[in-house]
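Student: I have a model open and would like to learn how to read it feature by feature. Could you walk me through it?

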Amino acid sequence: MKILPFFIIIPLGTAFLISLLAKKIKNFGDVLANLGTLSLLALSLYSTKLVFAHKILVYKVGGWMPPIGICMVLDGLTSFMLVTVNLVSFVIALYSVNYMQKYTDKYRFYTLFMLMLAGMNGIIITGDLFNLFVFLEIASISSYALVAFGTEAEELEASFKYAIMGSVASSFVLLGIALLYSYTSTLNMADISLVLAQKGTGLLVSFVAVLFLMGFGLKAALVPFHAWLPDAHPSAPAPISAMLSGVLIKVLGVYAIARIFFNIIGINNIYLSILMFLGVVSMLIGVILALAQWDVKRLLAYHSISQIGYVILGIGLGTPLGILGGVFHLFNHSVFKSLLFLNSGALDYALGTRDLQDMGGLREKMPITANTNLIASMSIAGIPPFNGFWSKLLIILACIQSGRIIYAICAVVASILTLASFMKVQKYAFFGKLKERWQDIKEIPAFMRLSMIVLAIICVMGGLLIIPLFKPFLQSAVDVLLAGNGYKDAVFGAIR
Amino acid sequence: MKNNKTGMTLIVKTITRLTVGLILLYGIYIVLHGHISPGGGFAGGVIIALSFIHLMLAFGRETALKKLSQTAASVLESLGALMFLAIALLGFLGGCLFFNFFLHKGKPFDLFSAGIIPLCNIAISLEVGAGLFAIFAALILFKGLGKEE
Amino acid sequence: MGPLMELQLLLLFMIFAAVVAVEVEDLLSSVIAVGAVGLGLSLVFLILKAPDLAITQLVVEILCLIILIRATIKKDLPLLRDGRWLFNTTSTLVFIALFLIFAYFALKELPGFGQPIMRVAKEYINNGLGKTGATNIVASIILDFRGYDTLGEATILFTAVMGVLAVIRSVGRIKDEK
Amino acid sequence: MCLVLFCIGLYCVLRKRNIIKIIIGLGIIEYAVNLFFVLIGYRTHGRAPILAKDQQILNMVDPLPQALVLTSIVIGLAVTALIVAIAIRIYEKYGTFDITKINRLKG
């Protein structure tokens with residue numbers, strides 16, 4: 001019961017302490033950031049156990065009853081997202097120990113990183129709509145700054161674009177919240193859903209839904225709003241690209257959309273079909289644009305758009321199987337996409353270039369990078385034993401089950417195209433002949449290797465999550481979304 | 001704003017010398033009375049920051065940075081943020097996060113009333129004031145660097 | 001009708017200033033016009049009985065203005081119109097028009113102006129003094145009932161400061177010796 | 001009544017020429033949303049939500065939106081400061097504020 005506030009307190013406390021002390025004490029930032037993320041990971045794993053025991057936990061901040069005060073809610077979806085976010089961020093913090101030595105002012109990086117983490121945890125855990133907006137802004141502002149962290153011309157430009165688009169998106173979200181407040185006169189999510197159930201939903205609510213869809217869709221980089229992502233993600237330092245692609249767009253976009261549409265506004269067929277359509281379009285356009293790229297990170301960024309499309313498609317199907325697939329794919333994608341970005345960071349670290357045409361034959365020189373990259377590529381392309389295959393299979397099966405053959409075909413096509421583009425990466429980067437100028441490169445430092453290996457193991461083992469032993473972990477998240485308006489009853493039940 | 005080194009004209013400097021203290025005092029007043037009258041930590045903090053910025057604009061950055069250096073500003077800001085978190089945590093010990101831990105809330109309309117609210121106000125104003133000053137100093141300093149290049 | 005009249009006049013003034021800010025070709029004038037919008041907003045807050053906001057808006061506006069002026073002063077501004085200018089403008093206008101029409105119909109469902117529902121707010125007003133001891137109810141909300149929000153807000157400012165300091169570094173990466 | 005504000009905010013979405021202009025447009029959108037929030041909470045012939053010593057005030061305006069707007073003003077300030085910092089760096093790197101000339105990234 002008492003653990004919930006620590007998801008906010010730990011990252012915030014570490015961020016403030018790092019900025020205060022890290023200038024004086026050497027390596028303080030490294031140690032503190034890693035300790036912080038490790039403890040968060042442990043806490044989030046513990047929280048899944050709590051969810052099995054209690055189903056739903058509500059923490060009242062300041063001791064005020066929820067419609068008056070703010071509450072934090074821990075349910076299946078929350079704990080699932082917490083595990084995903086904190087797992088990835090722990091691995092990335094480990095990786096940054098070595099990688100960020102290329103940049104000046106490392107402690108600022110850690111401060112911003114922890115703030116971003118705090119923002120994401122806050123979004124996941126909160127039960128209050130305006131509070132969600134506040135933490136959304138924390139996460140986005142720190143990510144704008146992190147994208148520009150290298151302070152080169154391209155990075156600044158990408159960051160500027162991202163900041164403008166992101167701020168407009170935030171304004172849409174805030175406008176939506178304002179309208180919803182004036183309609184229901186409350187800000188607590190469960191309370192809003194209660195009032196909406198009583199008053200009925202009219203045009204205003206669908207207008208609010210459109211506003212939220214635009215706002216969060218921008219953050220999630222769904223296709224009509226995706227323009228910032230291929231610039232912003234490659235420009236950031238590799239750990240941050242991994243963070244942005246791996247978890248940020250999911251928390252800010254997918255989680256918020258799922259929570260608001262399923263649990264607050266209440267889902268109906270129109271919203272579902274809009275979500276599915278957007279999902280399929282992003283899936284196809286992302287992968288087609290990715291095929292033409294030569295910059296490793298840019299290619300990966302386009303794949304993020306396409307894979308987010310899969311997640312949205314799965315969730316948008318609205319059937320139990322579809323949501324299971326979507327949620328599972330969300331987890332898998334954060335694992336293998338962070339791994340891929342870390343790999344590209346490793347290439348960048350060792351070679352100083354990200355252009356595929358310059359590479360070749362790196363397999364002999366960088367065996368660990370090559371092998372982990374092979375695993376991750378096979379995962380993302382959906383080759384059978386790896387985790388990506390299972391979740392894609394679930395989504396496609398769910399499409400067929402609900403009679404949407406065209407969407408299923410699209411998903412298969414996108415999967416094949418993904419495979420093709422990663423074949424290209426493998427061929428140009430790791431196989432073939434080693435070029436003269438790369439004769440004396442070395443494998444990357446120890447912490448980077450360690451974190452990549454950890455992620456690769458999770459990639460291989462990830463498929464196990466759907467066997468019955470581990471399935472409750474996913475299933476509890478799915479149940480929350482399926483319950484829809486039951487959310488409010490659960491929350492109010494837990495309060496009393 | 002002719003030159004950063006020398007600052008503005010004599011008139012501006014004289015007026016600034018007279019008003020800076022008043023502005024600072026007004027900021028502190030707004031912070032301390034935040035719980036009984038309009039205003040509060042944010043407004044007060046911004047006013048405090050403005051008083052320093054005023055100084056900086058009028059006298060050039062050396063004078064202002066002598067009064068409050070940039071590192072000191074960022075340290076103060078971290079301290080303010082930590083203090084706010086600490087207040088939250090103190091409440092946590094007493095019950096839950098942000099628990100209003102002063103059971104005796106004092107008489108309404110007194111300066112010393114309303115439990116944690118004045119404390120929070122002070123912490124916030126410290127953070128806001130120092131933070132905004134740090135931002136501004138950074139922007140000015142950067143422009144200075146750009147000119148030398 | 002008295003305050004409403006003033007309100008509408010001020011709103012008109014703000015719209016006018018905003019249009020000036022967007023359309024005027026000199027950057028400095030544009031920034032100053034934005035300042036006018038902001039100060040107008042602070043007056044509107046005062047009319048709408050929100051003195052806390054009026055003070056905050058006023059000082060924040062001054063600060064923003066100073067920052068923006070420092071950023072723009074002595075910078076050239078290129079005036080440009082490329083070939084697709086007309087197309088871009090029309091598509092934006094169409095989008096805005098659609099948005100406005102939709103918004104207009106949606107807003108009809110809101111409770112009328114001047115009669116908010118105040119479901120939760122009643123609690124604050126009735127019990128604010130007794131439970132927190134602060135006479136300024138807005139302060140009691142932001143620092144006590146919703147103190148967690150304010151923690152987030154302080155964090156945002158902290159984040160922005162850290163971000164500015166990070167962005168403004170003159171050397172971003174340590175270059176390779178090779 | 002409230003519609004007027006959208007005009008302000010949205011008219012500035014078509015700001016496309018200059019980086020500073022874009023920042024300004026963003027600021028105006030911010031103002032519009034804040035103002036909308038406060039207008040929601042206004043009550044005809046309401047009183048400011050501050051208790052006075054000698055009298056009982058019954059008809060108060062809704063204090064919650066005011067608290068929220070206080071937060072969002074500060075958020076707006078933070079975003080503006082960060083974006084201005086980025087813009088200054090961009091000016092230094094590219095020597096212009098013109099976004100059509102800042103296009104090293106093509107996708």
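Student: Let me start with chain D. Among its contacts between residues at least 6 apart in sequence, what share join residues at least 24 apart?

Tutor: Happy to help, and please keep in mind that this is a predicted model. The idea is to take contacts between residues at least 6 apart in sequence and ask what part of them joins residues at least 24 apart; in chain D that part is 49%. For chain A, the corresponding figure is 80%.

Student: Which elements is chain D built from?

Tutor: Reading from the N terminus, the order is α-α-α. That gives chain D three helices and zero strands. As for burial, 69% of the 107 residues of chain D count as buried.

Student: And how many helices and strands does chain A have?

Tutor: Chain A contains 19 helices and two strands. Its radius of gyration is 21 Å, close to the 23 Å that the globule rule gives for 496 residues, so chain A is as compact as a globular protein of that length. If you prefer a box, the C-alpha trace of chain A spans about 70 × 60 × 45 Å along its principal axes. Buried residues account for 66% of the 496 residues of chain A.

Student: How many residues does each chain bring to the contact between A and D?

Tutor: A good way to read an interface is to count residues on each side, then look at elements and classes. Here, 26 residues come from chain A and 27 residues from chain D. On the side of chain A that touches chain D, the elements giving two or more residues are helix H5 (129–147), helix H6 (153–184) and helix H9 (229–235) of chain A. H6(A) gives the most, with 16 residues. By class, this side of chain A has 17 nonpolar, five polar and four charged residues.

Student: H5(A) also packs inside its own chain. At what angle do H4(A) and H5(A) cross?

Tutor: Two packed helices are described by the angle between their axes and the distance between the axes. For helix H4 (residues 106–125) of chain A and H5(A), the axes come within 8 Å and cross at roughly 155 degrees. Because angles over 145 degrees count as roughly antiparallel, H4(A) is roughly antiparallel to H5(A). The crossing of H4(A) with H5(A) is left-handed.

Student: Which residues meet there?

Tutor: On the H4(A) side they include Leu112(A), Leu115(A), Met116(A) and Ile123(A), and on the H5(A) side they include Leu132(A), Phe135(A), Ile138(A) and Leu146(A). The contact of H4(A) with H5(A) divides into 13 nonpolar, four polar and no charged residues.

Student: Now a second pair: how are H11(A) and H16(A) oriented to each other?

Tutor: Start with the geometry again. Helix H11 (residues 269–291) of chain A and helix H16 (residues 405–430) of chain A pack at an angle of about 25 degrees, with their axes 9 Å apart. H11(A) and H16(A) are therefore roughly parallel to each other. Their crossing is left-handed. Among the residues that meet are Met276(A), Val280(A) and Leu284(A) in H11(A), and Tyr407(A), Cys410(A) and Thr418(A) in H16(A). The contact of H11(A) with H16(A) has 14 nonpolar, two polar and no charged residues.

Student: What about H7(A) and H10(A): how do their axes cross?

Tutor: Helix H7 (residues 189–199) of chain A and helix H10 (residues 238–266) of chain A have axes that come within 7 Å and cross at roughly 50 degrees. H7(A) and H10(A) are therefore oblique to each other. Met189(A), Ile192(A), Ser193(A) and Leu196(A) in H7(A) meet Asn263(A), Ile264(A), Ile265(A) and Gly266(A) in H10(A). The class count for this contact is five nonpolar, three polar and no charged residues.

Student: Last topic, loops. Where is Lys102(A)?

Tutor: Lys102(A) lies in the loop between helix H3 (76–99) and H4 of chain A. A residue needs 20 or more C-beta neighbours within 10 Å to be buried, so with 19 inside 10 Å Lys102(A) counts as partly exposed.

Student: And Thr353(A), in which loop is that one?

Tutor: Thr353(A) is in the loop between helix H13 (320–351) and helix H14 (367–381) of chain A. With 15 other C-beta atoms within 10 Å, Thr353(A) is partly exposed. Sequence and space can be read together too: Thr353(A) and Asp295(A) are 58 residues apart in sequence and 8.9 Å apart in space, C-alpha to C-alpha.

Methods
Residues are numbered from 1 along each chain as its sequence is written. Chains are lettered from A and ligands numbered from 1 in the order in which they are written. This is a predicted model: local features need pLDDT of at least 70, side-chain atom pairs count only at pLDDT 80 or more; totals for chains, interfaces and linings use all residues. Two residues are in contact if their C-beta atoms, placed from the backbone, lie within 7 Å. Helices (H or I, at least four residues) and strands (E, at least two) are DSSP runs, numbered from the N terminus. Ala, Val, Leu, Ile, Met, Phe, Trp, Tyr, Cys and Pro count as nonpolar, Asp, Glu, Lys and Arg as charged, and the others, Gly among them, as polar. Axes are lines fitted to C-alpha atoms, for helices over the stretch in contact, and angles run from 0 to 180 degrees between N-to-C directions. Angles under 35 degrees count as roughly parallel, over 145 as roughly antiparallel, 65 to 115 as roughly perpendicular and the rest as oblique. A crossing is left-handed if the near helix is turned anticlockwise from the far one by less than a right angle, and right-handed if clockwise. The radius of gyration is taken over C-alpha atoms; the globule rule is 2.2 Å times the number of residues to the power 0.38. A residue is buried if 20 or more other C-beta atoms lie within 10 Å of its own, exposed if 12 or fewer, and partly exposed in between; C-beta atoms are placed from the backbone.
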